[in-house]
Amino acid sequence: VRFIIPTLAFTLILLVVFLYTIILAFRQKKITEMKTDFINNMTHELKTPISTISLAAQMLNDNSIQKSPSSLKHLSQVISDETKRLRFQVEKVLQMSVFDNSDSSALKFTEVNANKIVENVVNTFKIKVEKYGGSISCALNADNAMISVDEMHFTNIIYNLLDNAVKYMREDTEPQLKITTRDIDSNRLEIRISDNGIGIKKEDLKKIFEKFYRVSTGNRHDVKGFGLGLAYVKKMVTIFDGSISAESELGKGSDFIITLPLIPQEDEEN
Ligand code: ADP
């Protein structure tokens, strides 16, 4: 017994160390894979608009090609659209890296009306959704929608969620998006963004807020991204003292639910 117990204990420790090393190696492999995916996606996301812009610019410059007023308009529209896309992609990566390297004191907190900001972002999305034959509706039911946030980042949060709702729409169905606001009670505001898109499996739902995590979309190679949008959204919502969760059914659609602290309104107390 004098020898068996220490030998068993030693074997157990060795086993734990061995298992721990395997888990670490596995995690490291996963992180490396995610980073490689990220670089590949980023290269694609940035290269595609750049080559389209350069092609359109070449055509504009090429005097040997006859250009009608409508083709000129089309080429300049292409350049403008692709530049916007490029700017949004670069902005997304910058947003995340800024918040990896700095603290929240760099934010500018002001009191804003969430209903107004949501409405503005929805308006900029209307054209995009209508392009696919779909629609976006807004039910701003919150009476008190005053929150204390950094306006630019709060706008980005709503923008990112709506952008995903369009990006992950079903190919055979027109996108129907809905965004609602309501006061859960006098202290908290809820913003819910619902789509009828491809949906998310239960096992993926737990991971989508992790940095670089992307759900494989099978043969739909056109849906590109960095896996950073939701990580950024979660980080910002947390800084704003809020919470974010997702509910989804595969093949039916998803709901993203944000709650944020409300600034109490004096009128309500009187
Ligand atoms: P990205 O869109 O760049 O991949 P995100 O962090 O925004 O990164 O999203 C992570 C993953 O969550 C996406 O790859 C996608 O699979 C899934 N996802 C996000 N929003 C939706 C949505 N509205 N419907 C279905 N899947 C979604």
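These questions and answers walk through a predicted model of a protein with a bound ligand.

Student: What average pLDDT does the protein have?
Tutor: The model is predicted, so confidence comes up early. Of the residues, 94% score at least 70. The predictor also gives the complex an ipTM of 0.98 and a pTM of 0.76. The protein's average pLDDT is 88.

Student: How many residues surround the ligand, and which are the closest?
Tutor: The shell around the ligand divides into 11 nonpolar, six polar and three charged residues. In total, 20 residues surround the ligand. The closest are N164, Y168, R214, F226 and L230.

Student: Which side chain places an N or O atom 2.5 Å from an oxygen atom of the ligand?
Tutor: A polar contact needs a pair of N or O atoms within 3.5 Å. One of the closest residues to the ligand meets that cut-off through its side chain, at 2.5 Å from a ligand oxygen. That residue is R214.

Student: Which residues offer backbone atoms to an oxygen atom of the ligand?
Tutor: One backbone N or O atom lies 3.4 Å from a ligand oxygen, and it belongs to V215. A polar backbone atom of another residue is 3.3 Å from an oxygen of the ligand. The two residues are V215 and G229.

Student: What percentage of the ligand's exposed area does the protein bury?
Tutor: Start with the ligand taken alone. It then exposes 530 Å². The share of that area buried by the protein is 99%.

Student: Which element gives the largest share of the shell around the ligand?
Tutor: Helix 4, helix 6 (229-239) and strand 7 (253-261) each give two or more residues to the shell. The largest share is three residues. The element that gives them is helix 4.

Student: Why does the distance between the end C-alpha atoms of helix 4 agree with its length in residues?
Tutor: Helix 4 covers residues 151-167, which makes 17 residues. At 1.5 Å a residue, the helix should therefore span 24 Å. Its end C-alpha atoms agree with that, because they are 24 Å apart.

Student: Which residue caps the N-terminal end of helix 4?
Tutor: Look for a side-chain oxygen beside a backbone nitrogen of the helix. The nitrogen is that of M152, and the distance is 3.1 Å. The capping residue is D150.

Student: How many residues of helix 4 are buried?
Tutor: Buried means under 20% relative accessible area. Among the buried residues of helix 4 are H153, F154, I157, L161, D163 and N164. N164 is also one of the closest residues to the ligand. Helix 4 is mostly covered, and its buried count out of 17 is 12.

Student: Is M169 buried or exposed?
Tutor: M169 lies in the loop between helix 4 and strand 4 (176-183). Its C-alpha is 6.9 Å from that of N196, a residue 27 positions away in sequence. Its relative accessibility is 12%, so M169 counts as buried.

Student: Which residues of helix 6 are buried?
Tutor: G229 is one of them, and a polar backbone atom of G229 also contacts a ligand oxygen. L230 is another, and L230 is among the closest residues to the ligand. The full list is G229, L230, A231, Y232, V233, M236 and V237.

Student: Is T238 buried or partly exposed?
Tutor: T238 is found in helix 6. Its C-alpha is separated by 23 Å from that of K202, 36 residues away along the chain. Its relative accessible area is 47%, so T238 is partly exposed.

Student: What is the phi of D241, and where does D241 lie?
Tutor: Most residues other than glycine have a negative phi. D241 is not a glycine, yet its phi is positive. At 58% relative accessibility, D241 counts as exposed. Its phi is about 70 degrees, and its place is the loop between helix 6 and strand 6 (243-249).

Student: Where does F212 lie, and what is its phi?
Tutor: F212 lies in the loop between helix 5 (202-205) and helix 6. F212 is not a glycine, but its phi is positive. The value is about 75 degrees.

How values were computed: Residues numbered from 1 in each chain as written. Predicted model: local features only at pLDDT ≥ 70, side-chain atom pairs only at ≥ 80, totals over all residues. Heavy atoms only, no water. Helix = DSSP H or I, 4+ residues; strand = E, 2+ residues; numbered from the N terminus. Expected span 1.5 Å × (residues − 1). Buried < 20%, exposed > 50% of the residue type's maximum accessible area, 1.4 Å probe, protein only. Polar contact = N/O pair within 3.5 Å; in protein donor to acceptor, adjacent residues only side chain to side chain. Near = heavy atom within 4 Å. Areas by Shrake-Rupley, 256 points an atom, 1.4 Å probe, with all protein chains shown as cover. Nonpolar A, V, L, I, M, F, W, Y, C, P; charged D, E, K, R; others polar. pLDDT = per-residue confidence, 0-100.
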